[in-house]
Amino acid sequence: MSFRKEKKYRLTNSEQKLLKSSLINKGMTRLYPKRQVNSCYLDTLDLALFFDSDEGVLPRRKLRYRWYDDSKEAKKELKVTSIEGRYKIISTKKINLDISSVKKISHFDREYGFLYPVILISYDREYYIYKNLRITFDTNITYKDLRGSFGHQFLDPETVMEIKTSYQQSDDFIESIINYPTVRFSKYSRGILMMEKML
């Protein structure tokens, strides 16, 4: 497994546009085409994974199924945060999944027990590269409650920029490029808090 460094920046829509334009003028280039990301997060009925994440428990993990645009080929992803760093395990097996069938999946975890679909998070993602930093911009972030039959949906008023780089990359180098404070921005946690009207 390879550990990576992740830094997140919470931005308004106007801040995101200005920062992206500034970085493009300095030489930032597009890495991949823009696409819609869809992530279905699983949790216990009492949201044990959410509370571990919200309280900063180490080690902790999140389980999700992810697919892109209108594709029905989803992959299971396990995100692990440990004392040593963060890493992601992506299953090579693909399953047919879309917004209409996502509520039917379940998973048994040896530590947490049965996990069920809790929230569907969709957003537009743009991919860039600048000075060996992989930079993504996420906009139009929506959260759909998969519990019960009502399916309430919420639009996040903010956007997020994320930098992913090697664990060896110095923070000083990143801060010399991005003059914004880093924040903790978990889409899963924000979505749950919105659904519970705690944000």
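Rings of Phe, Tyr and Trp pair if their centres lie within 6.5 Å. Keep that cut-off in mind for the first view; everything shown here comes from a predicted model.

**View 1. Ring pairs link Tyr41, Phe50, Phe51 and Tyr188 into a cluster.** Searching the whole structure turns up seven aromatic pairs. One of them is Phe50 with Phe51, an edge-to-face pair with 5.0 Å from centre to centre and 65° between the planes. How do these two fare for exposure, buried or partly exposed? Phe50 counts as buried because its relative accessibility is 2%, and the cut-off for buried is under 20%. Phe51, at 39%, falls between the buried and exposed limits, so Phe51 counts as partly exposed.

**View 2. Tyr128 and Phe137 make another edge-to-face pair.** Here the ring centres sit 5.8 Å apart. The planes meet at 85°, and edge-to-face needs over 60, so the label fits. Both partners, Tyr128 and Phe137, are buried.

**View 3. The largest nonpolar core has 18 residues.** Which members touch the most others? That would be Val118, Ile119, Ile121, Ile141, Tyr188 and Ile192. Strands E2 (29-43), E7 (113-130) and E8 (133-145) each put in at least two residues, and so does helix H4 (187-195). A second core, separate from this one, has 15 residues, including Leu11, Leu23, Leu133 and Ile177. As a rule, nonpolar side chains in soluble globular proteins tend to be buried together.

**View 4. Zooming in on Ile141, one of the core residues that touch the most other members.** Leaving out residues up to four places away in sequence, Ile141 touches Ile121, Ser122, Tyr123, Phe154, Leu155, Asp156, Glu158, Thr159, Val160, Phe185 and Lys187.

**View 5. Helix H4 is mostly covered.** How many of its nine residues are buried? The count is nine of nine. Besides Tyr188, Ile192, Leu193, Met194 and Met195, the buried set takes in Lys187, Ser189, Arg190 and Gly191. Lys197 follows H4 and has a positive phi, near 55°.

**View 6. The largest pocket has a volume of about 740 Å³.** Its lining runs to 38 residues, and Glu6, Lys8, Lys79, Arg86 and Glu162 lie nearest the centre. By class, that lining splits into 20 charged, 12 nonpolar and six polar residues. Strand E3 (residues 60-68) gives the largest share, six residues.

**View 7. The second largest pocket holds about 210 Å³ of space.** Lining this pocket are Leu49, Arg61, Leu63, Lys76, Leu78, His107, Phe108, Asp109, Arg110, Tyr112 and Leu115. Six of the lining residues are nonpolar, four charged and one polar. E3, strand E4 (73-81) and strand E6 (107-109) each supply at least two of them, with E6 giving the largest share at three.

**View 8. His107, a residue of strand E6, up close.** This histidine is part of the lining of the second largest pocket. Which residues does His107 touch, once those up to four places away in sequence are set aside? The list is Leu42, Leu63, Lys76, Gly113, Phe114 and Leu115. Of these, Leu63, Lys76 and Leu115 also turn up in the lining of the second largest pocket. Glu84 is another matter: 23 residues separate it from His107 along the chain, and their C-alpha atoms are 26 Å apart.

How values were computed
Residues are numbered from 1 along each chain as its sequence is written. This is a predicted model: local features need pLDDT of at least 70, side-chain atom pairs count only at pLDDT 80 or more; totals for chains, interfaces and linings use all residues. Side-chain values use heavy atoms; hydrogens and water are left out. A nonpolar core is a set of buried Ala, Val, Leu, Ile, Met, Phe, Trp, Tyr and Cys residues joined through side-chain atoms within 4.5 Å. Buried means under 20% relative accessible area, exposed over 50%, partly exposed in between (1.4 Å probe, protein chains only). Helices (H or I, at least four residues) and strands (E, at least two) are DSSP runs, numbered from the N terminus. Contact means heavy atoms within 4.5 Å. On a 1 Å grid over the protein atoms alone, a cavity is a set of points where a 1.4 Å probe fits but cannot get out, and a pocket is an open set with protein on both sides within 12 Å along at least five of seven lines; lining residues have an atom within 4 Å of a point. Grid points are joined across faces, edges and corners, and a volume is the space filled by probe spheres set on the points. Ala, Val, Leu, Ile, Met, Phe, Trp, Tyr, Cys and Pro count as nonpolar, Asp, Glu, Lys and Arg as charged, and the others, Gly among them, as polar. Rings of Phe, Tyr and Trp (its six-membered ring) pair if their centres lie within 6.5 Å; planes under 30 degrees apart count as stacked, over 60 as edge-to-face and the rest as tilted.
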